[in-house]
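I opened this notebook to record what I looked up in one model, topic by topic. The entries follow the order in which I turned to each topic.

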Amino acid sequence: NGKTRYDIEAIMDITKGLLNEVAFKIDCNNNGIDIGLNRDFYAGTTNTDQGQDVQNIKFPGGKEIIPKIKIQVKDVQYFMLVSKDEFSGPRQAELFIGYKVHWKKANTGQRFFRSLGGRGEELFRDFPILEGIRAERRGWALRKDFKELDADQPYKGMKFNNDNMFVYWDELRDLKDLFPQLEKLFG
């Protein structure tokens, strides 16, 4: 959003984004599908995956494919937001899958900052053992489902700093309808 962030804030934002991808991988596994997530880092300071979150997919029966379209797994609160630059640039995807991860980043960050002070690895004793994070299935969308949301244009009582493409969360397609179509969509 054009604001300065501390390194730890960026790390937590990236981690939260990766948690959405892990939630999708778990859902795929529960439907007999194994996906490989793209964890490569690319040149530049902002690109981590060139817009492709799913590297490969293996369907029941052993058929493995590399998706011909870009698939992005997004964190969705009330809106699935994609900046206009990313929506039409080289990172543009065709399929967007949304989850809402329930993880209190602020609490984690505050504990981290309080724990600093030359204590080395003992600072990790301040953190509870993480046994699970709840992820809520929000839905999925194709490019054609998105509408424009210009900066400072109010929609459903909210305004945003950047120009975005969006789908409101209750207008997303039901995630359970995605899994029977995955081979057709990914191929």
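**Entry 1: surface patch.** I worked from a predicted model. I began with the surface and found a nonpolar patch of about 280 Å², made by Y78, M158 and W169. I then located M158, which sits in the loop between β8 (147–149) and β9 (164–168). I noted a relative accessible area of 31% for M158, so this residue is classed as partly exposed. Patch residues need over 30% relative accessible area, so M158 qualifies at 31%.

**Entry 2: strand β6 and its partners.** I asked how many of the 8 residues of β6 are buried. For β6, residues 95–102, the count is 7 of 8, and I recorded the strand as mostly covered.

I next looked up the strands that pair with β6. Strand β4, residues 71–75, pairs with β6 in the parallel sense, over 5 bridges. In this pairing I found D75 opposite Y99 of β6. Strand β7, residues 134–142, pairs with β6 in the antiparallel sense, over 8 bridges. Here I noted L95 standing opposite L142 in β7.

**Entry 3: the open sheet.** I also traced an open sheet of 3 strands, in the order β1-β2-β3, with antiparallel pairing. Its edge strands are β1 (34–37) and β3 (64–65), each of which pairs on one side only. I found 2 bridges between β3 and strand β2 (residues 54–58), and these two strands run antiparallel. I recorded E64 in β3 as the bridge partner of K58.

**Entry 4: nonpolar cores.** I turned to the interior with a general expectation in mind: in soluble globular proteins, nonpolar side chains tend to be buried together. The largest nonpolar core in this model has 23 residues. Which residues have the most contacts inside this core? I listed F24, I97, L178, L182 and F186. I then checked which elements supply this core: α1, β1, β2, β4, β6, β7 and α4 (182–186) each give at least two residues.

I followed I97 further, leaving aside its neighbours within four places in sequence. I97 is in contact with F24, I71, Q72, V73, K74, M80, G139, W140, L175 and L178. I also recorded a second, separate core of 11 residues, which includes F87, A141, F146 and V167.

**Entry 5: salt bridges.** I reminded myself that side chains of opposite charge can pair when their charged atoms come close. The structure holds 10 salt bridges, and I examined several of them.

I started with D75 and K16, whose side chains meet in a salt bridge at 3.6 Å, N to O. The two residues belong to distant parts of the chain, with D75 in strand β4 and K16 in helix α1 (residues 7–30), 59 residues apart. Are these partners buried or exposed? I noted D75 as partly exposed, at 29% relative accessibility, whereas K16 is buried, at 12%.

I then looked up K74 and E86, whose side chains form a salt bridge at 3.3 Å, N to O. K74 lies in strand β4 and E86 in helix α2 (residues 84–88), so this pair ties together parts that are 12 residues apart in sequence. I checked the cover on each partner: K74 is buried, with a relative accessible area of 15%, and E86 is buried too, with 17%. Both values fall under 20%, and therefore both residues count as buried. I also found K74 and E86 linked with R91 in a network of salt bridges.

The last pair I examined was D34 and K25, which form a salt bridge with the closest N and O atoms 3.2 Å apart. I recorded D34 as partly exposed, with a relative accessible area of 37%. K25 also counts as partly exposed, at 26% relative accessibility.

**Entry 6: a pair distant in sequence.** I closed with K176, which is found in the loop between β9 and α4. This residue is exposed, with a relative accessible area of 60%. How many residues apart in sequence are K176 and D27? I noted 149 residues, while in space the C-alpha to C-alpha distance is 9.5 Å.

Methods. Residues are numbered from 1 along each chain as its sequence is written. This is a predicted model: local features need pLDDT of at least 70, side-chain atom pairs count only at pLDDT 80 or more; totals for chains, interfaces and linings use all residues. Side-chain values use heavy atoms; hydrogens and water are left out. Buried means under 20% relative accessible area, exposed over 50%, partly exposed in between (1.4 Å probe, protein chains only). Helices (H or I, at least four residues) and strands (E, at least two) are DSSP runs, numbered from the N terminus. Two strands pair if DSSP finds at least two bridges between them. Patches are made of residues with over 30% relative accessible area and no salt bridge: like charges are joined within 9 Å, nonpolar side chains (Val, Leu, Ile, Met, Phe, Trp, Tyr) within 5 Å. Accessible areas come from the Shrake-Rupley method with a 1.4 Å probe; for residues, only the protein chains shown count as cover. A salt bridge is a side-chain nitrogen of Lys or Arg within 4 Å of a carboxyl oxygen of Asp or Glu. A nonpolar core is a set of buried Ala, Val, Leu, Ile, Met, Phe, Trp, Tyr and Cys residues joined through side-chain atoms within 4.5 Å. Contact means heavy atoms within 4.5 Å.
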